[in-house]
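Open your viewer and get ready to select residues. We will go stop by stop.

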Amino acid sequence: NSKAQQTSQYTQYIFNYFGINPAAGGSSKCLQFKAGYRKQWWGFESAPVEQFFSVSGILKNKAPYNKSKHVIGFYQEQDRTGALGPTARNSFNLNYSYHLPLSSDFYLSAGIFAGLIQFSFIRDNVSLTTADDAAIGASKKVILYPDLNPGLMLYNPHFFIGYSMKYAIQRKLDAIYGFGSTLQRTHYITTGASLNGNRKEISYMPSINIKLGGGGSPVGLDVGFLIDYNDVFRAGVVYRKSDAACAIVQFRVK
């Protein structure tokens with residue numbers, strides 16, 4: 001009996017928050033594209049590889065006095081072991097979120113990812129101790145499931161806090177990973193702020209990301225701190241509880 005991580009884990013979560021929370025789309029007035037690639041355990045055979053692509057944009061509001069926002073988008077993510085498998089997870093989700101103004105600069109948004117999630121397993125890429133292992137039946141298995149991920153976010157230009165859920169539909173994966181394998185709902189609580197420094201061109205950006213997984217998995221905690229200079233250059237660190245530390249440098253070309 002074994003347990004494993006089911007959702008992708010990004011240390012630089014603050015730059016891909018839309019991938020965590022479907023209510024976060026529309027943070028920019030223009031059409032926004034993002035892509036990322038991550039290769040873990042460099043030098044190890046069949047090391048995990050992750051990649052994502054997203055696009056989101058605000059629909060034009062025909063009533064200028066109406067400050068609410070309708071946002072649509074798309075998010076694709078792949079998580080696999082090695083370049084060719086043997087296991088892989090692909091998700092394809094359409095996004096919609098509605099942003100309701102609560103005051104002149106405070107918004108409450110609700111969003112959803114809805115689409116398909118694909119799991120695949122290629123037996124030919126696995127070395128078995130016993131050639132006729134009963135737990136590994138077919139030479140290749142590909143299964144598609146419906147995928148649904150909701151989210152909420154409260155924000156203004158200097159602060160945000162959000163809640164989101166992965167795998168709202170808890171599908172059984174017995175057909176591909178063995179009896180008793182089930183997708184577990186994973187909950188995220190994320191918050192961040194932009195605080196003015198002693199000089200007007202400098203601001204401080206702390207953030208916290210909490211991940212609550214099912215099936216007895218431990219609580220995940222990321223804490224980040226960035227220093228922003230004039231909205232052009234940022235540098236900082238992210239620390240993941242009892243696991244890792246990361247340095248971040250960001251340039252903005254206007």
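The tour visits a strand, its two neighbours and then the cavities.

This is a predicted model, where local features need pLDDT of at least 70, side-chain atom pairs count only at pLDDT 80 or more, and totals for chains, interfaces and linings use all residues. Residues are numbered from 1 along each chain as its sequence is written, and side-chain values use heavy atoms, without hydrogens and water.

**Stop 1: β12.** Select residues 233-240, strand β12. Strands are DSSP runs of E, at least two residues, numbered from the N terminus. Side chains alternate here: Arg234, Gly236, Val238 and Arg240 point to one face and are buried (under 20% relative accessible area, 1.4 Å probe, protein chains only). Phe233, Ala235, Val237 and Tyr239 point to the other face and are not buried.

**Stop 2: the neighbours.** Add β11, residues 220-229: eight bridges join β11 to β12, antiparallel. Find Asp228, opposite Arg234. Three residues separate β11 and β12 in a hairpin, and Asn230 in the turn has a positive phi of about 55°. Now add β13, residues 244-251, also antiparallel to β12 and joined by eight bridges. There, Gln250 is the bridge partner of Arg234.

**Stop 3: the largest cavity.** A cavity is a set of points on a 1 Å grid over the protein atoms alone where a 1.4 Å probe fits but cannot get out; lining residues have an atom within 4 Å of a point. Select Thr7, Ser8, Glu77, Lys166 and Tyr188, which lie nearest the centre of the largest cavity. Its lining has 21 residues. β4 gives the most, with three.

**Stop 4: the second largest cavity.** Select its lining residues, including Ile117, Tyr167 and Leu183. β6 gives the most to this lining, with three residues.

Technical notes
Buried < 20%, exposed > 50% of the residue type's maximum accessible area, 1.4 Å probe, protein only. Helix = DSSP H or I, 4+ residues; strand = E, 2+ residues; numbered from the N terminus. Pairing = 2+ DSSP bridges. 1 Å grid on protein atoms, 1.4 Å probe; cavity = no way out; pocket = protein on both sides within 12 Å on 5 of 7 lines; lining within 4 Å.
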